[in-house]
Amino acid sequence: MEPISRRRMLALSPLACGPLSGLAFGAAGAARPNILFIMTDDHSSQAISCYGSKVNRTPNFDRIAAEGMRMDRVFATNSICTPSRATILTGKYSHLNGVPVFNRFDGSQPTVAKMLRTAGYYTAIVGKWHLGSDPTGFDYWNILPGQGVYNNPVLYDKDGSETYKGYATDVITDITIDTLKRRPKDKPFFMMSHHKAPHREWTPDEKHRKMFEHKHIPEPANLRDDYSGRTDALREQKQSVFHDLTRRDLKLQPPPGLSGAELTRWLGVKPMEVETEIDGVKKTLRGKELEDWKYQRYMQDYLACVQSVDDNVGRLLDWLDSSGLRDNTVVIYTSDQGFFLGEHGLYDKRFMYEESLRMPFLVRWPGVIRPGSTSSAIGINCDFAPTFLDLAGQPVPRDMQGRSFLPVWKGKTPRDWRRAMYYRYYHDPGDHNTRAHYGIRTATHKLIYYWKKDQWECYDLIADPHEMHNIYNEPAARKTVAALKQELYRLKKDMRDDDQFANEQPKESSYVKAPPPRKRD
Ligand code: CA
């Protein structure tokens, strides 16, 4: 347990004393804490060493876990960028916040940022926003247009855009630190620092570009899943490492002279034959040799992008420490959803399988969260907003659909904590021909329903953690399936999902262009 420093006790402002008194251990609860929420895009927990990664080491993510808590069962309710972000801001499922696919977020609705601002917090967001409309409820915002770019990114605020020299992950961390330095010191802060990395097309920075080049990255055991016993969904998807990565994804060099539409078309090809140089020898790769190479090539860049985030998280933690903000700042690290790193032969997310469903969730709060603790309580991204409000001593609106993590963080998970979570994905066919589905996950099982196909999958997560064996039609599983179905329909109703968006088609309206450059004084 971290001792409460004398310096910090003296630094507590009388204005900041309030509703959290008594919630935390000893004097640590006397002030409303700052909240630093760091979120990446598409970072899967299989690529974080404190979650047991077999493919990389991440000392700074691990540092948050070692000094705080690692939550092992936090899940996205709709595993795709824009919907997850809308859920985090509103504490509501997609069907209630109006963002089931890439819809434009209606910023006039209540959000946790607005509530914290009203409650006296300084609120800021920096980096990836990806909600189609401009942020509301923030004292300061400076965001990437749509997906943004990795190198020399443009960000924009209410006054216009600016091109920042450098790599997106470094730039977003720089602006985060600058904003925190400039913040009003008489208020606690709520800072959302949102990275672009490690989103497709996985462009690493110069420092890490070659870090994994000559390393053999272990393949997941089910990289060559043949989908036997499963529904049509896995067979119909177009998010396969072997079949759907493009020349752009694989960083193949175009022939000289190509430009414009011609170049775009060349880069968009999914190559079934690749000429490359291995150990100084030119070689044409096909078949299994090409498949193996594609997996390595994909992972090399993905992991190098992650490594830059790890460095920058370390930089941010060091800055908090050196600024005297360590003790009274809750630091959270998460990603908008998980990602497939070759499991079931896939990249991307969307499916309800574990690697995509699970969000990494690490949190540090010295003096309150026991260092090195873990939790297997089932959390969802609807819980984030209620948690932030609870930290600020604010009531949680009744129409939010989550619960505060605070008791879980203190090692006192309430007896009536949820035993199952409800999931619903809509973006069908979308960019990857992923079939729409809904389902539930309990501590031991998962039931998935592809409603447009009327097909089911059920997994025993204890006996079959990699979800390879669909037990839905097995006589021995009949009772289990019936109980899961009953719970699924109960939860669906409880979450007020009456199929409002069942036929929603993919939209592209969350993609925006940057406004003209800011006028300088
Ligand atoms: Ca994402």
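By a cavity I mean a set of grid points where a 1.4 Å probe fits but cannot get out, and with that in mind I would like to walk you through this structure, which is a predicted model.

Let me start with the enclosed spaces. A search of the whole structure turns up two cavities of 30 Å³ or more, and the largest of them has a volume of about 40 Å³. Its lining is made up of M39, R85, I88, L89, I125, K128, W129, L131, M192 and H194, and if we sort that lining by class we find seven nonpolar residues, one polar residue and two charged ones. As for where these residues sit, helix 3, which runs over 81-90, and strand 8, which runs over 189-194, each supply at least two residues of the lining, and helix 3 gives the most, with three residues.

The second largest cavity has a volume of about 30 Å³, and the residues around this second cavity are T77, N78, Y93, S94, H95, Y422, R424 and Y426. Two elements give two or more residues to that lining, namely helix 4 (94-97) and strand 15 (420-425). By class, the lining of the second largest cavity has three nonpolar, four polar and one charged residues.

Now to the metal site. Which atoms coordinate the calcium ion? The donors are D41 (OD), D42 (OD), C81 (SG), D336 (OD), D336 (OD) and Q337 (OE1), at 2.2 to 2.7 Å, and along the sequence the donor residues follow the spacing D-D-x38-C-x254-D-Q. Both D41 and D42 are buried. On the geometry, ideal angles for six octahedral donors would be 90 or 180 degrees. Here the six donor atoms subtend angles of 52 to 162 degrees around the calcium ion, and the arrangement is therefore irregular.

One of those donor residues leads us to H195, which is found in the loop between strand 8 and helix 7 (232-236). H195 has a relative accessible area of 1% and therefore counts as buried, the cut-off being under 20%. If we leave aside its neighbours within four places in sequence, H195 is in contact with I38, M39, T40, D41, K128, T169, I172, T173 and V309, a list that includes D41, a calcium donor, as well as M39 and K128, which are in the lining of the largest cavity.

The loop between strand 8 and helix 7 also holds P198 and E201, and both belong to cis peptide bonds: A197 and P198 are joined by one with omega of about -10 degrees, while the bond from R200 to E201 is cis with omega near 15 degrees.

Staying with the backbone, there are some positive phi values to look at. N152, in the loop between strand 5 (140-143) and strand 6 (154-157), is not a glycine, and its phi is near 45 degrees; N152 is partly exposed, with a relative accessible area of 39%. D454, in the loop between strand 17 (445-450) and strand 18 (455-460), has a positive phi of about 50 degrees, again without being a glycine, and D454 is exposed at 53% relative accessible area. A glycine, G393, follows helix 12 and has a positive phi near 70 degrees.

Is helix 12 itself mostly covered or uncovered? Helix 12, residues 384-391, is mostly covered, with seven of its eight residues buried, and these are F384, A385, P386, T387, F388, L389 and L391.

Let me close with two single residues. Y438 lies in strand 16, residues 437-442, and is buried, with a relative accessible area of 6%. Its C-alpha atom is separated by 5.3 Å from that of Y423, 15 residues away along the chain, and its contacts beyond four places in sequence include Y422 and R424, both of which line the second largest cavity.

A514, by comparison, sits in the segment after helix 14 (478-494) and counts as partly exposed at 33% relative accessibility. Not counting residues up to four places away in sequence, A514 touches P145, V154, Y156 and S161, whereas A514 and R315, 199 residues apart in sequence, are 28 Å apart in space, C-alpha to C-alpha.

Methods:
Residues are numbered from 1 along each chain as its sequence is written. This is a predicted model: local features need pLDDT of at least 70, side-chain atom pairs count only at pLDDT 80 or more; totals for chains, interfaces and linings use all residues. Side-chain values use heavy atoms; hydrogens and water are left out. On a 1 Å grid over the protein atoms alone, a cavity is a set of points where a 1.4 Å probe fits but cannot get out, and a pocket is an open set with protein on both sides within 12 Å along at least five of seven lines; lining residues have an atom within 4 Å of a point. Grid points are joined across faces, edges and corners, and a volume is the space filled by probe spheres set on the points. Helices (H or I, at least four residues) and strands (E, at least two) are DSSP runs, numbered from the N terminus. Ala, Val, Leu, Ile, Met, Phe, Trp, Tyr, Cys and Pro count as nonpolar, Asp, Glu, Lys and Arg as charged, and the others, Gly among them, as polar. Buried means under 20% relative accessible area, exposed over 50%, partly exposed in between (1.4 Å probe, protein chains only). Contact means heavy atoms within 4.5 Å. Donors are N, O and S atoms within 2.8 Å of the metal (3.2 Å for Na, K and Ca); water is not among the atoms, so sites may look incomplete. Four donors count as tetrahedral if all angles lie between 85 and 135 degrees; four count as square planar and six as octahedral if opposite donors are over 155 degrees apart and all others between 65 and 115; anything else is irregular.
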